[in-house]
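Work through the exercises below with the structure open. Try each task before reading its solution.

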Amino acid sequence: MRQYILEKVNNSPNFIKFNGIEIEIKDQLPKDFDLKAILKNIEKTIPSHFFKNLEKITIEDNKEFKERSISAIYSDNSFIISPKQKNANDLLDDIVHELAHHVETLFVKEIYSDDKIKNEFIKKRHELKFEIQAEGYWVEDYDFDNIKFDKSFDTFLYSRLGRNMISMVTAGIFIRPYAAISLREYFATGFEAYYLGKQNELEKISPMLYDKINDLSTNNK
Ligand SMILES: [Zn+2]
């Protein structure tokens, strides 16, 4: 495994470099957060080849976060992560989650071309449909075979069903409710689980996804 290098840039406290990735802190994290300790944790748990081509991580309070109730965004080899985090673990979760989206772009063929994860996901969507129906909801307006993010499906799950119901109907099918949103989030939530201490649970719930991440992790490219 390659060595991770953590260094200060321009002697500015708002810029650090981690493994060649620029980290810019535009909006300060809570005072008791130890970003270096979090990066150390990442260094310990995540293979460095996943960081290839990643250019920048910005800690910034973006207005999209509030509008969409999210706390991080991935685009074009960089992440923007909200400084508003409950605790250091939430920040670590966000970094690992966005890294998963980056890994998708690096290994899109390896991840998706054999359709194994897609088929596992669609099978789970059908199980989910059955569970939601069993709770008395009308589900025929939604396409459970659509693997892409769909606003109306998202609203159905999070606003109509609500947090408690969605937790209940996804239990045992998805590693966490958000995994049901789209194929991309299915992968990202699995990646998170794999690297943040839930390997056994992931292997049980999503064996194909587990195998895939396991292969990506060990086949150093
Ligand atoms: Zn995501």
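**Exercise 1. The domain contact**

Task: How many residues of domain 1 are in contact with domain 2, and which helix gives the most to that side?

Solution. The model is predicted.
- Step 1. Count the contacts. Ten residues of domain 1 touch ten residues of domain 2.
- Step 2. Find the main contributor on the domain 1 side. Helix 3 (residues 88-106) gives the most, with seven residues.
- Step 3. Sort that side by class. It has five nonpolar, three polar and two charged residues.
- Step 4. Place the domains. The assignment gives domain 1 as 2-106 and domain 2 as 110-219. Their C-alpha centres lie 25 Å apart.

**Exercise 2. Helix 1 against helix 3**

Task: At what angle do the axes of helix 1 and helix 3 cross, and which residues make the contact?

Solution.
- Step 1. Take the axes. Those of helix 1 (residues 35-45) and helix 3 come within 10 Å and cross at roughly 50°.
- Step 2. Classify the angle. Helix 1 is therefore oblique to helix 3.
- Step 3. Add the hand. The crossing is right-handed.
- Step 4. List the residues. Helix 1 supplies Ile38, Asn41 and Ile42; helix 3 supplies Ala88, Leu91, Leu92 and Ile95.
- Step 5. Sort them. Six are nonpolar, one is polar and none is charged.

**Exercise 3. Helix 5 against helix 7**

Task: Why is helix 5 classed as roughly perpendicular to helix 7?

Solution.
- Step 1. Take the axes. Helix 5 (residues 116-134) and helix 7 (residues 183-195) have axes that come within 10 Å and cross at roughly 100°.
- Step 2. Apply the cut-off. Angles of 65 to 115 degrees count as roughly perpendicular, so helix 5 is roughly perpendicular to helix 7.
- Step 3. List the contact residues. Ile117, Lys118 and Phe121 of helix 5 meet Leu183, Tyr186 and Phe187 of helix 7.
- Step 4. Sort them. Five are nonpolar, none is polar and one is charged.

Notes
Residues are numbered from 1 along each chain as its sequence is written. This is a predicted model: local features need pLDDT of at least 70, side-chain atom pairs count only at pLDDT 80 or more; totals for chains, interfaces and linings use all residues. Axes are lines fitted to C-alpha atoms, for helices over the stretch in contact, and angles run from 0 to 180 degrees between N-to-C directions. Helices (H or I, at least four residues) and strands (E, at least two) are DSSP runs, numbered from the N terminus. Angles under 35 degrees count as roughly parallel, over 145 as roughly antiparallel, 65 to 115 as roughly perpendicular and the rest as oblique. Two residues are in contact if their C-beta atoms, placed from the backbone, lie within 7 Å. Ala, Val, Leu, Ile, Met, Phe, Trp, Tyr, Cys and Pro count as nonpolar, Asp, Glu, Lys and Arg as charged, and the others, Gly among them, as polar. Domain bounds come from an automatic or database domain assignment. A crossing is left-handed if the near helix is turned anticlockwise from the far one by less than a right angle, and right-handed if clockwise.
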